[in-house]
Amino acid sequence: MSDVDGVLTDAGMYYTESGDEFKKFNTHDGMGFQLLREKGIKTAIITSEKTFIVERRANKLKVDYLYQACKNKLQAAQEICSKENITLAEAAYIGDDINCLDLLSHVGMAACPDNAVARIKAIPDIIHLKKKGGDGAVREFVELILSQGV
């Protein structure tokens, strides 16, 4: 499971003069989602924002679950785990900011990009990735998950 802004993107909010919004995603992260799918691992995006851009990216990545405008990320993850007949202890999540704190504190494998906020980096046992959000952090996390023989 992954957050979007600051994880799949560089946390920037880009607007054109006419008010159109755009985000930069990393193709290495996209391949990470494919690698998980090939291993039969379900994927999810859980984000506080709601944009068509994220919906399009999730569709392109063939994400199994997309939760946008999510006020309670932990509850969303619990719903996903229930549908998949797994526990939160069997789930992994990558997040970068305080709206991910509760969920990151409850999953079995939690990670944060290098540019995560200090409060997230202080979560006990969280994996500190070398890559920044939008710069391949998700792919780094995926490779770590897969190296554990999942």
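## A tour from Lys73 along α3 and through the salt bridges

Begin by selecting Lys73 and Asp3, both of which are buried, where buried means under 20% relative accessible area, exposed over 50% and partly exposed in between, computed with a 1.4 Å probe on protein chains only. What you have open is a predicted model, in which local features need pLDDT of at least 70 and side-chain atom pairs count only at pLDDT 80 or more, while totals for chains, interfaces and linings use all residues. Residues are numbered from 1 along each chain as its sequence is written, and side-chain values use heavy atoms, with hydrogens and water left out.

With the two residues still selected, display the salt bridge between Lys73 and Asp3, whose closest N and O atoms are 3.0 Å apart; a salt bridge is a side-chain nitrogen of Lys or Arg within 4 Å of a carboxyl oxygen of Asp or Glu. This pair joins distant parts of the chain, since Lys73 belongs to helix α3 and Asp3 to the segment before β1 (14-15), 70 residues apart.

Next, select residues 73-84, which make up helix α3; helices (H or I, at least four residues) and strands (E, at least two) are DSSP runs, numbered from the N terminus. The twelve residues of α3 reach 17 Å from the first C-alpha to the last, close to the 16 Å expected at 1.5 Å a residue, the expected span being 1.5 Å times one less than the number of residues. Colour Lys73, Leu74, Ala76, Ala77, Ile80 and Cys81, which are the buried residues of α3. Looking down the axis of α3, you will find these buried residues within an arc of 160 degrees, so they line one face of the helix; the arc is that of the directions from the helix axis to the C-beta atoms. Turn the view to the face pointing away from the buried side, and the exposed residues Ser82 and Lys83 appear. To see part of what covers the buried residues of α3, show β3 (44-46), β4 (65-67), β5 (92-94) and α4 (101-104), which are included in that cover.

Then inspect the two ends of α3. At the N-terminal end, Asn72 acts as a cap, with a side-chain oxygen 3.2 Å from the backbone nitrogen of Leu74. Just after α3, select Asn85, which takes a positive phi of about 55 degrees.

Move on to Asp5, found in the segment before β1 and buried at 14% relative accessibility. Its salt-bridge partner Lys23 has its closest N and O atoms 2.7 Å from those of Asp5, and Lys23 sits in the loop between β2 (21-22) and α1 (27-38), 18 residues from Asp5. Lys23 counts as buried, at 10% relative accessibility. Add Glu21 to the selection, because Asp5, Glu21 and Lys23 are linked in a network of salt bridges. Beyond residues up to four places away in sequence, Asp5 touches Ala11, Met13, Lys23, Glu49 and Asp96, contact here meaning heavy atoms within 4.5 Å.

Finally, go to helix α6 (residues 137-147), where Arg139 and Glu143 lie four residues apart, about one turn of the helix. These two residues form a salt bridge with closest N and O atoms 2.9 Å apart, and Glu143 is partly exposed at 42% relative accessibility. A search of the whole structure finds four salt bridges.

Methods: A polar contact is a pair of N or O atoms within 3.5 Å; within protein, one must be able to donate a hydrogen and the other to accept it, and residues adjacent in sequence count only if both atoms are side-chain atoms.
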